[in-house]
Amino acid sequence: MIQLKDKLLRGLLWISAFLSVAVLVMIVGFIFYKGINLISFSFIFGDYSPTGGGGIWPMIVTTIYTILISLIIATPIGIFAAVYLQEYAKQGRLVRTIRFATESLTGIPSIIYGLFGAVFFVTTLKLGMSIIAASLTLTIIVLPVIIRTTEEALKTVPLSYREGSLALGTTKLQTLYKVILPSAMPGVLSGIILSIGRIVGESAAIFLTAGTVAAMPDSIFSSARTLTVHAYLVTQESGDIELAAAVGIVLIVIILVINLSATFISKKLNRATNK
Amino acid sequence: MSRLMSTSVIEHGELTTKKQSWEGISQMEQFKEGTTKINVKDLNLFYGEKQALFGVYLDIHEKQVTALIGPSGCGKSTFLRTLNRMNDLIDGVKISGDIVIDHENIYKTNDVIKLRTKVGMVFQKPNLFPMSIYDNVAYGPRMQGIKNKKELNKLVEESLRGAAIWDEVKDRLKTSALGLSGGQQQRVCIARAIAMKPDVILMDEPTSALDPISTLKVEELITAMKKDYTIVIVTHNMQQAARISDKTAFFLNGEVVEYDDTDNIFSTPQDQRTEDYVTGRFG
């Protein structure tokens, strides 16, 4: 009887695992199947042409801009906020409230952030529909992610490191910079990777703040279109699934490359400190 | 509740004072010569509402090894951590009484940094940072602002030699310290403490996580180190206290029951509780 139960349970586990992998394979397979024919050098690196046949280089550039700008702003603020909450703030009702707030922020649909960005950054701050307005909106979206993961990473740094450092007559700040943050770095990095995924995958919030101009942006104050927005628009406007799928391939590759390089860096960091 | 406690504090204080004065006489006759390095007077410590140390009086002598023994939870580690104010890290710790190191009351002057450069500490488990051996030993001096490469090199070598580990690690200074064995790590921890050129080194059960051979090496090291440093060591191992220490203080329930030359504590203890403990009747 127990053996039968065990077998059943194992079967269930196996099926669940199989299903989740199968779905992933199917989606990726579908996208590659539909889009691979369009992938060419001129498609990736060519300028966009509204009459068709052009490339998606402007969208790739726009996507990279939004990733970089959002991270440059969000990473330091997020890390500092996490350090404050975890290391300096007196643990009490205020900190609990802030934590609860950041946790809730991660659950808000991105269209709400987009609406806020459209009102605040685009209109009130007069940034206009632009890459910078979109990046600032994205900063708010990923900030809670970076704060949470950094906090978790700081929590895992053993007390013995802190004690060891402080017992050598160092200040709290020295201990933080030289021992605690370096030890927490892999965790912080995984938060940044998650954020990149969130930024690349975002469309609604960008649509409302950066607009849809399908041209190479002159500067970060130009309106522009990211890859996801492009994929959405071509499907919506012309029903060109193949083109959208080709954009999807490029997106998948970009995310893959970023993730792999981040794991590589994190491994390097670990090796430098642990071996 | 607090009223009750304060009366009990006074009682304990009186008790220990009386005993101390009696002991003071015997101390003068029995103690080997040596100047007082650390003078502890009527030290009480509370974790929130709970009192962990009751009116502790203790004179720790320069360039000797002083062992603190007693059963778990008797306050010996807590006491050790008051000497470099590591208890400050714990929320809700309250301390009364005086600890004077070299004529300076460490709880009156607020320079904890200076105190901790002067009073080093080695912990129960080796707690090297995830850095190279060299960086670990150079960490403290660097944080004090020493940048000169030659000076650091010399300091690292001296400290590692001082901790009797130089020959084992000299060819791998730039590799991670976490790749060393536990015993080696603990000796590098000692080197890291030595690198600050402290006067006093506190050790909190430094061999409890080590195998017997590593333990022996660390014990030999401690014995060799006392010509340069004043060492206070917490140990749950009575043989260890007997082997390496000059003075032994027996703690029980947050009080010092007896403090004397180590030989006397183990051969002719004055208090029945000390005798019961060192002969293994409890603890």
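**Strands, pocket and cavity in a predicted two-chain model**

Strand 9 and strand 10 of chain B form a hairpin with two residues between them, and Asn253(B) in the turn has a positive phi of about 50°. Helices (H or I, at least four residues) and strands (E, at least two) are taken here as DSSP runs, numbered from the N terminus. The structure is a predicted model, in which local features need pLDDT of at least 70 and side-chain atom pairs count only at pLDDT 80 or more, while totals for chains, interfaces and linings use all residues. Residues are numbered from 1 along each chain as its sequence is written, chains are lettered from A and ligands numbered from 1 in the order in which they are written, and side-chain values use heavy atoms, with hydrogens and water left out.

Pairing of two strands requires that DSSP finds at least two bridges between them. In the hairpin, six bridges join strand 9 to strand 10 (residues 255-261) of chain B, and the two run antiparallel. Tyr259(B) in strand 10 is the bridge partner of Ala249(B). Strand 9 is also joined by four bridges to strand 3 (residues 65-69) of chain B, this time in parallel, and there Leu68(B) stands opposite Ala249(B). Strands of a sheet pair through backbone hydrogen bonds, either parallel or antiparallel.

How many of the residues of strand 9 of chain B are buried? Strand 9 (residues 247-252) has six of its six residues buried, where buried means under 20% relative accessible area, exposed over 50%, and partly exposed in between (1.4 Å probe, protein chains only). In a regular strand the side chains alternate between the two faces of the sheet. Both faces of strand 9 are covered, with Lys247(B), Ala249(B) and Phe251(B) on one side and Thr248(B), Phe250(B) and Leu252(B) on the other.

Chain B as a whole holds 11 helices and 10 strands. Of its 283 residues, 55% are buried. Contacts (heavy atoms within 4.5 Å) with a separation of 6 or more come to 69% from residues 24 or more positions apart in this chain. The exposed area of chain B is about 12800 Å², of which carbon and sulfur atoms supply 52%; accessible areas come from the Shrake-Rupley method with a 1.4 Å probe, and for residues only the protein chains shown count as cover.

Another part of chain B is an open sheet of four strands in the order 2-1-4-5, with antiparallel pairing. Its edge strands are strand 2 and strand 5 (104-105), each of which pairs on one side only. Strand 1 (residues 36-47) is joined to strand 2 (residues 50-61) by eight bridges, with Val40(B) opposite Leu58(B). These two strands also form a hairpin with two residues between them, and Gly48(B) in the turn has a positive phi of about 65°. Strand 1 pairs with strand 4 (residues 93-101) over eight bridges as well, and Tyr47(B) has Val93(B) as its bridge partner in strand 4. Two bridges join strand 4 to strand 5, where Ile101(B) is partnered by Glu104(B).

Ile101(B) and Glu104(B) reappear in the lining of the largest cavity, together with Ile106(B), Thr109(B), Asp111(B), Lys114(B), Leu115(B) and Lys118(B). On a 1 Å grid over the protein atoms alone, a cavity is a set of points where a 1.4 Å probe fits but cannot get out, a pocket is an open set with protein on both sides within 12 Å along at least five of seven lines, and lining residues have an atom within 4 Å of a point. Grid points are joined across faces, edges and corners, and a volume is the space filled by probe spheres set on the points. The whole structure contains four cavities of 30 Å³ or more, and the largest has a volume of about 110 Å³. Helix 3 of chain B gives the most to its lining, with three residues.

The largest pocket has a volume of about 820 Å³. Among its 28 lining residues, Glu87(A), Arg162(A), Lys172(A), Leu89(B) and Asp91(B) are the closest to its centre. Helix 3 (57-88), helix 6 (131-155), helix 7 (159-166) and helix 8 (172-201) of chain A, together with helix 3 (112-118) of chain B, each supply at least two lining residues.

Thr175(A) is found in helix 8 of chain A and is buried, with a relative accessible area of 2%. Leaving aside neighbours within four places in sequence, the contacts of Thr175(A) include Arg162(A) and Tyr139(B).
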